[in-house]
Amino acid sequence: METSKSKKNYLFGVLVVSDTVSCGKKEDSSGASLVNFLRSSNHFTFSSISSVADSKPDIEEKLKLWVDEFNLDLILTVGGTGFTPRDVTPEATRNVIDKEAPHLASYMVMECCKKTKFAALSRGVCGVRKNSLILNLPGSVKGATECFEAVAPLLPHVMDQLKGHTENVAADHCQIQQHGDIPSDEK
C-alpha cells in the first residue's frame, strides 16, 4: 500500500506566459527555477516546460493540451498575473478549470505579503481541470519561487485527493485530528 511518505511520480509542467520569452527576445529564468526546485521533490517528475505569448487562446490551448492529452498532474503557469493589458493568465485559467481553489491563491498571497507588500498585486488563480491542478504564479523568479514554496507542502495531499488515494488522505486527516498539523518533512 502506498503511503504519504512514499515517492509519487506525479507529472508536472511549467508554462511560461510571456510575449518576449515566447518570441525568443528574452530568456526565461522563472520557469527554469521552478523546474529545478520541483526536480528535487520526492513527489513530482518533470514532464515539460514551454512558453506562450500573453494571449488567452494560446494559454487556454496549452493548458487543455497538457491536461486532456498529456495528463499532467500539476501545471504551474509563470507570468501574466499583473495589471497590464496583456496580463490575461488568470482569465485564461478560469476559462479552462472545472473548479477554482481560491484559498490556495489566497494562501500564496498571504504568505508572500509577509515578504513584500507588492504580493497583494498578484491576481493568480488556482484550480482543477479534470484531476489536474493548475497554479498561476507571478513572472519574477522571486515571486514565482516564494508563491510556490508557500503551497508546496500542501501539494502531496492535494494530489492524493485528486488521484483518489483515499488511504493517504484518511491517514493525513487522522494525523491532523490526533496531533495537529502534519510536519512538512512528512508530506
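## Terms and scope

A residue is called buried when its relative accessible area is under 20%, exposed when the value is over 50%, and partly exposed in between. The structure described here is a predicted model, and the descriptions below should be read with that in mind. According to UniProt, in an unreviewed entry, the feature "domain: MoaB/Mog" occupies residues 13–158. Within the model, that span is 43% helix and 21% strand, and its end C-alpha atoms lie 16 Å apart.

## The sheet

The strands form an open sheet of 6 members with mixed pairing, and their order across the sheet is S2-S1-S3-S6-S5-S4. Strand S2 (44–52) and strand S4 (99–100) are the edge strands, each of them pairing on one side only. In general, the strands of a sheet pair through backbone hydrogen bonds, in either the parallel or the antiparallel sense. Here S3 and S6 are a parallel pair joined over 5 bridges, with Leu74 standing opposite Leu133 in S6.

Two helices that pack on this sheet can be described by the strands they touch. Helix H2 (residues 30–39) touches strand S1 (10–17), S2, S3 and S6, and its direction makes about 165 degrees with that of S1. Helix H4 (residues 89–96), in turn, touches S1, S3, S4, S5 and S6, and its direction makes about 165 degrees with that of S6.

## Strand S5 and its partners

S5 runs antiparallel to S4, to which 2 bridges join it, and Val128 in S5 is the bridge partner of Lys99. S5 also runs antiparallel to S6, in this case with 4 bridges, and Gly127 has Ile134 of S6 as its bridge partner. In a regular strand, side chains alternate between the two faces of the sheet. Both faces of S5 are covered, since Cys126 and Val128 on one side are buried, as are Gly127 and Arg129 on the other.

## Two residues with positive phi

S5 and S6 form a hairpin with 2 residues between them, and Lys130 is in the turn. Lys130, which lies in the loop between strand S5 (126–129) and strand S6 (132–137), has a positive phi of about 55 degrees although it is not a glycine. Is this turn residue buried or exposed? Lys130 counts as exposed because its relative accessibility is 53%, the cut-off for that class being over 50%.

Asn71 likewise is not a glycine and has a positive phi of about 55 degrees. Its place is in the loop between helix H3 (56–69) and strand S3 (74–78).

## A buried position in S3

Thr77 is located in strand S3, and because its relative accessibility is 0%, Thr77 counts as buried. When neighbours within four places in sequence are left aside, Thr77 is in contact with Leu15, Leu63, Thr89, Ile134, Leu135, Asn136 and Leu137.

## The H5–H6 crossing

The axes of helix H5 (residues 102–113) and helix H6 (residues 141–151) come within 8 Å of each other and cross at roughly 120 degrees, and the crossing of H5 past H6 is right-handed. On the H5 side, the contact is made by Leu104, Tyr107, Met108, Glu111 and Cys112, while H6 contributes Glu146, Cys147, Ala150 and Val151. Sorted by class, the residues of this contact comprise 7 nonpolar and 2 charged residues, with no polar ones.

Note on methods:
Residues are numbered from 1 along each chain as its sequence is written. This is a predicted model: local features need pLDDT of at least 70, side-chain atom pairs count only at pLDDT 80 or more; totals for chains, interfaces and linings use all residues. Side-chain values use heavy atoms; hydrogens and water are left out. UniProt positions are given in the numbering used here, feature names are shortened, and annotations may be inferred rather than shown by experiment. Axes are lines fitted to C-alpha atoms, for helices over the stretch in contact, and angles run from 0 to 180 degrees between N-to-C directions. A crossing is left-handed if the near helix is turned anticlockwise from the far one by less than a right angle, and right-handed if clockwise. Contact means heavy atoms within 4.5 Å. Ala, Val, Leu, Ile, Met, Phe, Trp, Tyr, Cys and Pro count as nonpolar, Asp, Glu, Lys and Arg as charged, and the others, Gly among them, as polar. Buried means under 20% relative accessible area, exposed over 50%, partly exposed in between (1.4 Å probe, protein chains only). Two strands pair if DSSP finds at least two bridges between them.
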